[in-house]
Amino acid sequence: MSFATIVLAAAEAHVELPMPTWMYALIAAIIFILLGLATFSYRDVANRHAAKANARAGRVHDHDVSGHGH
């Protein structure tokens, strides 16, 4: 058998997908939506702890009397 015959025989072999092609897009969309919801759940996290951040910022700046300005 020649190489061309082997290649043509391999090209004729049809591999069936385990599910319809539109389901791959649906799965990708669902994963994208879930990741988007997880990202959306972290909105406003910095503002929830603003009192702690302001208190810490006040303490840090009070101790910086060396004048180095780092």
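How much area does the protein chain expose, and what share of that area do carbon and sulfur atoms supply? In this predicted model, the exposed area of the protein chain comes to about 6700 Å², and 68% of that area is supplied by carbon and sulfur atoms. Buried residues account for 0% of the 70 residues in the chain.

The secondary structure of the protein chain comprises 4 helices and 0 strands. Read from the N terminus, the order of elements is α-α-α-α. Helix α2 spans residues 21-40, and helix α4 covers residues 50-63.

A nonpolar patch of about 790 Å² is present on the surface. Its contributors are Trp22, Leu26, Ile30, Phe32, Ile33, Leu34 and Leu37. One of these residues, Leu26, is located in helix α2. Leu26 is classed as partly exposed because its relative accessibility is 42%, a value that lies between the 20% limit for buried residues and the 50% limit for exposed ones.

Confidence varies along the protein chain. The average pLDDT is 79, with 77% of the residues scoring at least 70. Helix α2 has the highest confidence, at a mean of 96, whereas the lowest is found in helix α4, at a mean of 71. Where pLDDT is low, detailed reading of the predicted coordinates is not warranted. The helix that contains Leu26 is thus the element in which confidence is highest.

Note on methods. Residues are numbered from 1 along each chain as its sequence is written. This is a predicted model: local features need pLDDT of at least 70, side-chain atom pairs count only at pLDDT 80 or more; totals for chains, interfaces and linings use all residues. Side-chain values use heavy atoms; hydrogens and water are left out. Helices (H or I, at least four residues) and strands (E, at least two) are DSSP runs, numbered from the N terminus. Buried means under 20% relative accessible area, exposed over 50%, partly exposed in between (1.4 Å probe, protein chains only). Accessible areas come from the Shrake-Rupley method with a 1.4 Å probe; for residues, only the protein chains shown count as cover. Patches are made of residues with over 30% relative accessible area and no salt bridge: like charges are joined within 9 Å, nonpolar side chains (Val, Leu, Ile, Met, Phe, Trp, Tyr) within 5 Å. A salt bridge is a side-chain nitrogen of Lys or Arg within 4 Å of a carboxyl oxygen of Asp or Glu. pLDDT is the predictor's confidence in each residue, from 0 to 100.
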